[in-house]
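Take a look at the model below. Then we will walk through it step by step.

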Amino acid sequence: MEHDGQLELYTAVADQLKEAHSRVRALQVPEGVRVALTRKLLVITAVAKHDLAGAARRLERFAADLDEGRIPEEDS
């Protein structure tokens with residue numbers, strides 16, 4: 001039974017990561033900002049390999065930041 005819940009969480013995280021990547025690609029921001037956001041998503045993807053629940057929490061915070069317009073500034 002626990003395996004089914006893990007599979008559902010994996011599927012949800014995978015779908016959310018795909019959506020987050022699409023959102024980042026669609027943003028009208030400088031390339032450096034897009035790269036920084038993409039790196040954050042890659043970190044979340046790496047975390048998902050070892051801590052799926054932790055990755056889901058990070059991804060939720062990432063999406064909330066995008067929703068609220070909290071986007072990192074471009075490095076000079």
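What follows moves from the nonpolar core to the charged pairs.

Keep in mind that this is a predicted model. Start on the inside. The largest nonpolar core has 17 residues. Which of them have the most contacts inside this core? They are Leu41, Ile44, Leu59 and Phe62. Three helices feed the core. Helix H1 covers residues 2-26, helix H2 covers 31-48, and helix H3 covers 52-67. Each of these helices supplies at least two residues of the core.

Now find Phe62. Leave aside residues up to four places away in sequence. Phe62 then touches Ala20, Val24, Leu37, Lys40, Leu41 and Ile44. Two of the names in that list, Leu41 and Ile44, are also among the residues with the most contacts inside the core.

Next come the charges. Side chains of opposite charge can pair when their charged atoms come close. How many salt bridges does a search of the whole structure find? It finds three.

Begin with Arg23. Its partner is Asp67, and the closest N and O atoms are 2.7 Å apart. Arg23 lies in helix H1 and Asp67 in helix H3, so the salt bridge ties together parts that are 44 residues apart in sequence. How open are the two ends? Arg23 has 27% relative accessibility, so it counts as partly exposed. Asp67 is exposed, with a relative accessible area of 55%.

Arg70 and Asp65 make another pair. Their side chains meet in a salt bridge, at 2.8 Å from N to O. Arg70 counts as partly exposed, at 47% relative accessibility. Asp65 is also partly exposed, at 27%.

The remaining pair sits within one helix. Arg34 forms a salt bridge with Glu31, with the closest N and O atoms 3.5 Å apart. Both residues lie in helix H2. They are three residues apart, about one turn of the helix.

Is Arg34 buried or exposed? The cut-off for buried is under 20% relative accessible area. Arg34 has 17%, so it counts as buried. Its partner Glu31 is exposed, with a relative accessible area of 51%.

What does Arg34 touch, not counting residues up to four places away in sequence? Its contacts there are Val24, Arg25, Leu27 and Val29. Look at Val24 once more. Phe62 touches Val24, and Arg34 touches Val24 too.

Notes. Residues are numbered from 1 along each chain as its sequence is written. This is a predicted model: local features need pLDDT of at least 70, side-chain atom pairs count only at pLDDT 80 or more; totals for chains, interfaces and linings use all residues. Side-chain values use heavy atoms; hydrogens and water are left out. A nonpolar core is a set of buried Ala, Val, Leu, Ile, Met, Phe, Trp, Tyr and Cys residues joined through side-chain atoms within 4.5 Å. Buried means under 20% relative accessible area, exposed over 50%, partly exposed in between (1.4 Å probe, protein chains only). Helices (H or I, at least four residues) and strands (E, at least two) are DSSP runs, numbered from the N terminus. Contact means heavy atoms within 4.5 Å. A salt bridge is a side-chain nitrogen of Lys or Arg within 4 Å of a carboxyl oxygen of Asp or Glu.
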